[in-house]
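Q: Please give a close account of the ligand site in this model. Which residues surround the ligand, and which polar side-chain atoms lie by its oxygen atoms?

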Amino acid sequence: MTQLHDDVAVDQDFARARAEQETGPLDDPFERRFAQHFPRLHALFRRLYGDRDDGREALADVVALAAASWQARPLELKARDDLRDADPDWFQSQRMLGGVCYVDRYAGGLSGIRDLIPYFQELGLTYLHLMPLFESPEGNSDGGYAVSSYRRVNPALGTMDQLAALAADLRLAGISLVVDFIFNHTSNEHEWAKRAVAGDPDFDEFYLIFPDRRMPDAYERTVREIFPDDHPGAFVQLDDGRWIWATFYHFQWDLNYANPAVFRAMAGEMLFLANQGVEILRMDAVAFIWKRLGTACESLPEAHLLLQAFNAVLRMAAPSLLFKSEAIVHPDEVIEYISPQECQLSYNPLQMALTWESLATRDARLLQKALDERHALPPGTAWVNYVRSHDDIGWTFADEDAAELGIEAYPHRRFLNDFYVGRAPGTFARGVPFQENPKTGDARVTGTTASLAGIEAGDAGGEDRVVLAHALALSTGGIPLLYLGDELAQLNDYSYADDPDTAGDSRWVHRPRRPDAALAQTDTPAGRVFRRLAQLVAARQATPELAGNALLRFDTPLPSVVAFQRPGLELLADRILVVANVGDDAVHLDPLTLSGFARDAVDVVTAESIELDAGLDIAAHGFVWLRVRPLW
Ligand code: GLC
């Protein structure tokens, strides 16, 4: 066992020798990428594991794993690597559209998902996120987020071979497969967990286990409670009396990344998944992966170093694979995870939360501020914009942004929670509270888009709000992500409360089974929403100005209006002007506000020509996507 060397070349030769023992001489493409990325990986390892004896060994093993994984990588995936290399902006296209679903709930199993490929194509999907599908404990497994094996598919859903075959079928259909990389924790039934508890010396440092409450108490002075309904604090007690770190459910045990063997083991699991044909890994719970006493143990600098190290490993062995960050934290922290060297994609929880905030308050200023000031991203990266996910909605806006608009954050969050769980007078929403914490007053909200937007309550604006929320996610840039079922205005499913495995977790209210696709043809909210969304998706696909992430300001004097311009990836001469009204009354934009544009504009959704001389009328909960030409 030796520490990492100061001289990177020495460790590089050491790692190469280890890899060549494994695979024979390195081939050209690997050699090139090894030379390019090893120095970065080495520097990251030095910062993470510099003073540990086993850091250098782990690094050499990781390189050997990468070399072996590259050697075993199927040819069609290597071809995909070349294709992406030639078109690195592929995911910035306005044709990108994501969908997400639970395999069992939506289609029964992987073969059911395969049968639905024509439907996914009809919707225009180019990206399909299948919720966790790995082996996990029976009963409550946090919807599969407690993984017992990263190499076996939950037998109720199918097999790993079926997953690889599905990835290939999806690829042929123009759809990239996305799965979770749940790397902050494993289930307590994972082999590593069992061995750690049993005292196997190879695994005793895989998790954070303490003999008594001394260290847990010390850590808990500064960490947040994430699932207080399940257990207080961040630790749970083992049968033998010891305490183990469990940020989420008591059966999800946090891995100890301070141990380089954990990095090595998880790099192996990641490379395995990459070779099944997964194109995007959703990096689960990134904020929590490194702990340090006296801190919140969230978004620590080492969390970024770890992600960058995983990224560097992939660049060597599966270069087309992308990471999507799941950081549902303060917006200043969310942005820190996004770069080509770390996560190329990220959920945009701020836009999601503020879309709902604006619909409740009928005031778009906070959303406008976020788009004006917090939307820009580094080149080579993109937001994943969504209306809602499988998780709760937390009000993650920055208190200081709210303060600038005279909004006091704490009572505002309270109001939003009350509004969306149907407690505020006059609310149109039918949501359910999630993880209400009486100690802190914190709470979050669950519910399907249609139920939160007013369709369940029979509110006259419900359908328009569903379409408006999607119109924003489809027009601000990056990859829009549809929660499958929402295109048919699916309502809450309260039956979760009758099932002991789901009753304690209200997020199941918005994870219903697949609605009947025939509803799309009917004159119901489902049918009307479906047709309006299909029209928007088609318009987006045909509008190159909506590609990429660039967003230019467009100020209006109206507080219920959010507006911006999109110039596309190549900063085209024409732009799309998006104007949306979250208010309950129609608004009029005067000609002066629009005077920077040529008089003739085109509504790209309806294909109608619009004269801007008379200004612009936007209905209650309405919006326009206008092709305009700036007058220079
Ligand atoms: C992520 C998932 C969430 C899960 C948690 C623990 O936040 O989105 O559903 O409960 O991680 O894995």
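A: The ligand is surrounded by Asp-142, Tyr-145, His-185, Phe-227, Phe-248, Gln-252, Arg-282, Asp-284, Glu-326, His-390, Asp-391 and Arg-507, where a residue counts if one of its heavy atoms lies within 4 Å of the molecule. This is a predicted model, in which local features need pLDDT of at least 70 and side-chain atom pairs pLDDT 80 or more, while totals for chains, interfaces and linings use all residues. Residues are numbered from 1 along each chain as its sequence is written, and side-chain values use heavy atoms, with hydrogens and water left out.

By class, the shell comprises six charged, three polar and three nonpolar residues; Asp, Glu, Lys and Arg count as charged, Ala, Val, Leu, Ile, Met, Phe, Trp, Tyr, Cys and Pro as nonpolar, and the others, Gly among them, as polar.

Three members of this shell place a polar side-chain atom by a ligand oxygen atom: Asp-391 at 2.4 Å, His-185 at 2.9 Å and His-390 at 2.9 Å. A polar contact is a pair of N or O atoms within 3.5 Å; within protein, one must be able to donate a hydrogen and the other to accept it, and residues adjacent in sequence count only if both atoms are side-chain atoms. The protein covers 95% of the 300 Å² of accessible area that the ligand has on its own, as computed by the Shrake-Rupley method with a 1.4 Å probe.
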